Amino acid sequence: MWGRTGSVIVQVFTPQNTGMVASNAISQAFRNGFQGYSSPGSIWFRDVRIEEIGNSGAFYQVNVIARFEYTQIQ
């Protein structure tokens with residue numbers, strides 16, 4: 001049996017002219033999807049957070065980061 005941990009990073013890019021409004025709505029939907037969720041395969045997501053990165057070229061970037069852990073049985 002092996003314990004596994006890691007992070008999932010969802011990068012959200014929206015055009016700069018819609019910027020924070022659109023990216024906040026999208027990133028909150030992802031955060032709500034991960035937060036407190038445990039999959040049927042016993043993958044547990046925790047410490048879900050939104051990090052605003054800011055302008056990235058022609059886009060506005062926000063990242064949703066979720067730590068996960070599960071036990072692998074061989």
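Start by selecting the largest nonpolar core of this predicted model. Eight residues make it up: Val 10, Val 12, Phe 34, Phe 45, Val 48, Val 64, Ala 66 and Phe 68. Colour them by strand, and you will find that S1, S2 and S3 each supply at least two of these residues. Strand S3 gives the largest share, with three. As background for this stop, nonpolar side chains in soluble globular proteins tend to be buried together.

Stay with Phe 68 for a moment. Which residues does Phe 68 touch, once neighbours within four places in sequence are left aside? Show Arg 4, Thr 5, Gly 6, Ser 7 and Val 8, then add Ile 43, Trp 44 and Phe 45. Phe 68 is also a member of an aromatic cluster, together with Phe 34, Phe 45 and Tyr 70.

**The sheet**

Now switch to a cartoon view and pick out the strands. They form an open sheet of three strands in the order S1-S3-S2, with antiparallel pairing. Strand S1 (2-15) and strand S2 (44-56) stand at the edges; each has a single partner strand, so one side of each is left without a neighbour in the sheet. From one strand to the next, the twist averages 20 degrees.

Next, follow the pairing of S1 with strand S3 (residues 59-72). These two run antiparallel and are joined by 14 bridges. Two pairs of residues make handy landmarks here: Trp 2 stands opposite Gln 72 in S3, and Pro 15 stands opposite Phe 59 in S3.

On the other side of your selection, look at S2 and S3, an antiparallel pair joined by ten bridges. For a landmark, select Asn 55, which stands opposite Tyr 60 in S3. The two strands form a hairpin with two residues between them. Click on Gly 57 in the turn: its phi is positive, at about 65 degrees.

**Aromatic pairs**

How many aromatic pairs does a search of the whole structure find? There are four. To look at one of them, show the rings of Phe 13 and Phe 59. Their centres are 6.4 Å apart and their planes meet at 80 degrees, so this pair is edge-to-face. Phe 13 lies in strand S1 and Phe 59 in strand S3, so the pair ties together parts that are 46 residues apart in sequence. Turn on the surface and check both: Phe 13 counts as partly exposed at 40% relative accessibility, and Phe 59 counts as partly exposed at 39%.

**Gln 61**

Move along to Gln 61, which lies in strand S3. Is Gln 61 buried or exposed? With a relative accessible area of 8%, Gln 61 is buried, because the cut-off for that class is under 20%. Not counting residues up to four places away in sequence, Gln 61 touches Gln 11, Val 12 and Phe 13, as well as Glu 52, Ile 53, Gly 54 and Ser 56.

**Ser 23**

For the last stop, leave the sheet and select Ser 23, in helix H1 (residues 19-34). Ser 23 counts as buried, at 0% relative accessibility. Leaving aside neighbours within four places in sequence, Ser 23 is in contact with Val 12, Thr 14, Tyr 60 and Val 62. Finally, draw a distance from the C-alpha of Ser 23 to the C-alpha of Glu 52: the two residues are 29 apart in sequence and 9.2 Å apart in space.

Terms used:
Residues numbered from 1 in each chain as written. Predicted model: local features only at pLDDT ≥ 70, side-chain atom pairs only at ≥ 80, totals over all residues. Heavy atoms only, no water. Helix = DSSP H or I, 4+ residues; strand = E, 2+ residues; numbered from the N terminus. Buried < 20%, exposed > 50% of the residue type's maximum accessible area, 1.4 Å probe, protein only. Contact = heavy atoms within 4.5 Å. Pairing = 2+ DSSP bridges. Axes fitted to C-alpha atoms, helices over the stretch in contact; angles between N-to-C directions. Phe/Tyr/Trp six-rings, centres within 6.5 Å; stacked < 30°, edge-to-face > 60°. Core = buried A, V, L, I, M, F, W, Y, C linked by side-chain atoms within 4.5 Å.
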